[in-house]
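Here is a short report on one protein model. Look at the structure first, then read on.

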Amino acid sequence: MADTALIVIDIQNDYFPGGAMELEGAEAAGEKAGAALRAFRGRGLPVIHVRHLSVRPGSTFFIPGTKGAQIHAAVQPQGNEIVVEKNFPNSFRGTGLQEILEKQQIRSLAVAGMMTHMCVDATVRHAADLGYRITLLGDACATRAQSFGGETVPARQVHAAFLAALNGFYAKVIPSHEL
C-alpha cells in the first residue's frame, strides 16, 4: 500500500446535523471515514483532505469563512496532511491534486467523502480516467434525496445507485472495515 493515499472529500460541517445542507447518514459516514483516516495515519500512509469552498453567487453552503465550510471534527487534518481547496465537484478540476499525487508517486486511492452522487462520483470517475486504482469506501460516504420528473428518490437509493454505477469499472466499492 506504499503507493496508496486516502482522499477525504468534502466531509465538512454544513453536511452534518444543523448544517446548511444536511445529508442523510453524515454522522455514520463521518465515523467510518474517521476510522479509515486513523488506519492510514497509523501506517504512515499519505492522507489528502479535499475541502469545497462555494464561490458562485447565490451559494447557500460551504461559504468561505463560515463554520459550515470547515472540515468536520471526525476527519480533522493533522500535522503535514495536505488540504486541497476546490470550487467544483471534481476534486481535480482547478486544483493541484493530480500534481500532488504524481509528486508522491501515488497510483492507488482509497476514497471517502460527501456527497456520493456529486463530488465523490465526479472525483472517482476523473481519477479512474487518469489511471488511478480506486477503492471507494461506500459506508464512509453520504448523500441526500434527489428529485427528478416529479419523483423523489430517497437518499438510501441515490447512494446505492451511485455506488453500484461506480463499482467495477471505476472503483472497487467496499465497506470501510475491509480496507
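Contact means heavy atoms within 4.5 Å. This is a predicted model, where local features need pLDDT of at least 70 and side-chain atom pairs count only at pLDDT 80 or more, while totals for chains, interfaces and linings use all residues. Residues are numbered from 1 along each chain as its sequence is written, and side-chain values use heavy atoms, with hydrogens and water left out.

**Two helices**

Helices (H or I, at least four residues) and strands (E, at least two) are DSSP runs, numbered from the N terminus. Helix 3 contacts helix 4 through the residues below.

| Helix | Residues in the contact |
|---|---|
| Helix 3 | Thr-116, His-117, Asp-121, Val-124, Arg-125 |
| Helix 4 | Val-158, His-159, Phe-162, Leu-163, Ala-165, Leu-166 |

By class, this contact has six nonpolar, three polar and two charged residues. Ala, Val, Leu, Ile, Met, Phe, Trp, Tyr, Cys and Pro count as nonpolar, Asp, Glu, Lys and Arg as charged, and the others, Gly among them, as polar.

Helix 3 spans residues 116-129 and helix 4 residues 155-166. They pack at an angle of about 10°, with axes 10 Å apart. Axes are lines fitted to C-alpha atoms, for helices over the stretch in contact, and angles run from 0 to 180 degrees between N-to-C directions. The two helices are therefore roughly parallel (angles under 35 degrees).

**Gly-19**

Gly-19 sits in the loop between strand 1 (4-9) and helix 1 (26-43). Is Gly-19 buried or exposed? At 24% relative accessibility, Gly-19 counts as partly exposed, between buried (under 20% relative accessible area) and exposed (over 50%), using a 1.4 Å probe and protein chains only. Gly-19 touches Asn-13 and Asp-14, not counting residues up to four places away in sequence. Phe-61 lies 42 residues from Gly-19 along the chain, yet their C-alpha atoms are separated by 8.2 Å.

Terms used: Angles under 35 degrees count as roughly parallel, over 145 as roughly antiparallel, 65 to 115 as roughly perpendicular and the rest as oblique.
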